[in-house]
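Colleague: Could you take a close look at the main nonpolar core for me? I'd like to hear what builds it and how it sits within the rest of the chain.

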Amino acid sequence: DAPIDGRTCHRVQTMGRRGRSVFWIDAETHVLRRFEFPTAELELATGQRGLSLVGEYQNATLSSKVDPQAFMFEAPANAKTVEAFVPPGHEMLGKPVGKLEFSDLDGKPVADDFLSGKVGVLDIWATTCVPCRQTMPEMTKAYIKYKDNPKVAFMAVSIDEAAVENDTLLEVLADWKVELPVFRDLSKSVVERLALSGIPTTVIVGPKGLIQGHGQPVAADQLSGSIDTLLAGKDLYTQLLSDAEQSAKEILRVHQRSI
């Protein structure tokens, strides 16, 4: 037992693959007053040890009366009506990637035909991106496999501010044990043009300049499989769109059954 604001709490500890969790339960009312989140994954991602993440539930009560207005929702005047939710960037599949407004570390703009006839793998990242520390080494494994293949091009596109110097980019990547060709998008044009919802994001472009993949980075072997499929002259986006359509139909079917 331990107190919070003068109230005795029972503490219950659980251990799981994500680390240790602790529930602080009010001894009198049995309401959850504090929760210590597991931090094993966070420590792995940041390389820091001894991190803590705590939720404080102030004035928490059980079975209290809640104002019905708390559950009311009015759609904003500019709200967009959609038939179904789709993964971020899904609407970009099969569309031309267009002109790349990137530059190399010497400030030289990327040529318009840089990806012409090639399978392009764009890894959008930033030095402040904690998940990138885990995903970019996987990208490196795939890059090493294809770096001598003239039909495959990898681009680690940084969207860091101009104040972040090139040397800093390279130092961070070296610390992460990442080996990738580095480019910069100082205007962050890629965020809007490629409909990014966050980073890291991997965009795969086929030899015809069409976006074949768009989403969270994947393991090196899965990425290699996608690259090999495109090198064989096949498309990825058609199957992805078909899978999404089937998922939407299944969700609609389940929804209709529940009405």
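**A look at the core**

Modeller: Charges before the core: the chain carries 28 positive and 35 negative charges, and their mean positions lie 5 Å apart. Keep in mind that this is a predicted model.

Now the part you asked about. The largest nonpolar core has 26 residues, and the members that touch the most others are W125, M136, F154, W176, L180, L223 and I227. Five elements each put in at least two residues: the strands β7 (119-125) and β8 (152-158), plus the helices α2 (132-146), α3 (166-175) and α5 (220-231). The top contributor is α2, which gives six residues.

L180 is a handy place to zoom in. Skipping neighbours within four places in sequence, L180 is in contact with D123, M136, M139, T140, Y143, F154 and A156. Set those partners against the element ranges and you'll find D123 within β7, M136, M139, T140 and Y143 within α2, and F154 and A156 within β8. There is also another core, lying apart from the one above; this one has 22 residues, including V157, V203, I211 and Y237.

How does that fit into the whole chain? The protein chain has six helices and 11 strands, and 34% of its 259 residues are buried. Of the contacts between residues at least 6 apart in sequence, 60% join residues at least 24 apart. The radius of gyration is 24 Å, whereas a compact globule of 259 residues would be near 18 Å. Along the principal axes, the C-alpha trace spans about 70 × 50 × 35 Å. As for the outside, the accessible surface is about 16600 Å², with 53% of it belonging to carbon and sulfur atoms.

Two single residues make a nice contrast. S103 lies in strand β6 (residues 103-104) and counts as buried because its relative accessible area is 15%, below the 20% cut-off. Beyond residues up to four places away in sequence, S103 touches K108, P109, V110, F183 and R184. G233, on the other hand, is in the loop between α5 and α6 (237-258). G233 counts as exposed because its relative accessible area is 65%, and the cut-off there is over 50%. From G233 to V254 is 21 residues along the chain, and their C-alpha atoms are separated by 37 Å.

Technical notes:
Residues numbered from 1 in each chain as written. Predicted model: local features only at pLDDT ≥ 70, side-chain atom pairs only at ≥ 80, totals over all residues. Heavy atoms only, no water. Helix = DSSP H or I, 4+ residues; strand = E, 2+ residues; numbered from the N terminus. Rg over C-alpha atoms; globule rule 2.2 N^0.38 Å. Buried < 20%, exposed > 50% of the residue type's maximum accessible area, 1.4 Å probe, protein only. Contact = heavy atoms within 4.5 Å. Areas by Shrake-Rupley, 256 points an atom, 1.4 Å probe, with all protein chains shown as cover. Lys, Arg positive; Asp, Glu negative; His and termini not counted. Charge placed at Lys NZ, Arg CZ, Asp CG, Glu CD. Core = buried A, V, L, I, M, F, W, Y, C linked by side-chain atoms within 4.5 Å.
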